[in-house]
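Reader: I have not looked at this structure before. Could you take me through it, beginning with a single turn?

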Amino acid sequence: MTIVLCNSFLKHLKKLGSVDLDDVKTLLRKYPDTRDITYVDQFESSTLVLKCYLPSKKVRALVFLRTSQGNFIPVAVV
């Protein structure tokens, strides 16, 4: 599993304070055997859009793209 992170995503997580990178990694390691990660859509036949629910009061969901190579790319923090 590879997580492709940009500086702005890391900065956003740090600013929130209630969720850190280890929480995100722990959640993604459970994929696909968890109900906290749901399939939303698929495009270009090899990229999935996933919504991840975190056990936090501030952050309800993270949206990731999952490529056919197994990479997770964060798109949004909601």
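Author: Certainly. Please note that this is a predicted model. Strand 2 and strand 3 form a hairpin, with 3 residues between them. In that turn, Glu-44 has a positive phi of about 55°.

Reader: Where do the two strands of this hairpin run, and in which sense do they pair?

Author: Strand 2 covers residues 37-43 and strand 3 covers residues 47-53. Their pairing is antiparallel and involves 6 bridges.

Reader: Which residue of strand 3 is the bridge partner of Gln-42?

Author: Gln-42 has Leu-48 as its bridge partner. Among the other pairs, Asp-41 is matched with Val-49, and Thr-38 with Lys-51.

Reader: Back to the turn, please. Why mention the phi of Glu-44?

Author: Most residues other than glycine have a negative phi. Glu-44 is not a glycine, yet its phi is positive. Ser-45 is also a non-glycine residue with a positive phi, of about 55°. Glu-44 belongs to the loop between strand 2 and strand 3, and Ser-45 is placed in the loop between these strands too.

Reader: Are those two residues buried or exposed?

Author: Glu-44 is exposed, with a relative accessible area of 65%. Ser-45 is exposed as well, at 66%. The cut-off for exposed is over 50%.

Reader: And strand 3 itself, is it mostly covered or mostly open?

Author: Strand 3 is mostly covered, since 5 of its 7 residues are buried.

Reader: What does strand 3 pair with, apart from strand 2?

Author: Strand 3 also pairs with strand 4, residues 61-66, in the antiparallel sense over 6 bridges. One of the matched pairs there is Cys-52 of strand 3 with Leu-62 of strand 4.

Reader: How are the strands ordered in the whole sheet?

Author: The sheet is open and has 5 strands in the order 1-5-4-3-2, with mixed pairing. Strand 1 (2-3) and strand 2 stand at the edges; each has a single partner strand, so one side of each is left without a neighbour in the sheet.

Reader: What holds paired strands together in general?

Author: Strands of a sheet pair through backbone hydrogen bonds, in either a parallel or an antiparallel arrangement.

Reader: Let me change topic. How many helices are there, and where do they come in the chain?

Author: The protein chain has 2 helices alongside its 5 strands. Read from the N terminus, the elements run β-α-α-β-β-β-β.

Reader: What is found between helix 2 and strand 2?

Author: The loop between helix 2 (21-29) and strand 2 contains Pro-32. A cis peptide bond joins Tyr-31 to Pro-32, with omega at about 5°. For context, most peptide bonds are trans.

Reader: What about the overall dimensions?

Author: The C-alpha trace spans about 35 × 25 × 20 Å along its principal axes. The radius of gyration is 12 Å, which agrees with the value near 12 Å for a compact globule of 78 residues.

Reader: How much of the chain is buried?

Author: Buried residues make up 33% of the 78 residues. The accessible surface comes to about 5300 Å², and 50% of this belongs to carbon and sulfur atoms.

Reader: What share of the contacts is long in sequence terms?

Author: Of the contacts between residues at least 6 apart in sequence, 32% join residues at least 24 apart.

Reader: Lastly, how many charged side chains are there?

Author: There are 12 positive and 7 negative side chains, and the centres of the two sets lie 8 Å apart.

How values were computed
Residues numbered from 1 in each chain as written. Predicted model: local features only at pLDDT ≥ 70, side-chain atom pairs only at ≥ 80, totals over all residues. Heavy atoms only, no water. Helix = DSSP H or I, 4+ residues; strand = E, 2+ residues; numbered from the N terminus. Rg over C-alpha atoms; globule rule 2.2 N^0.38 Å. Buried < 20%, exposed > 50% of the residue type's maximum accessible area, 1.4 Å probe, protein only. Contact = heavy atoms within 4.5 Å. Areas by Shrake-Rupley, 256 points an atom, 1.4 Å probe, with all protein chains shown as cover. Lys, Arg positive; Asp, Glu negative; His and termini not counted. Charge placed at Lys NZ, Arg CZ, Asp CG, Glu CD. Pairing = 2+ DSSP bridges.
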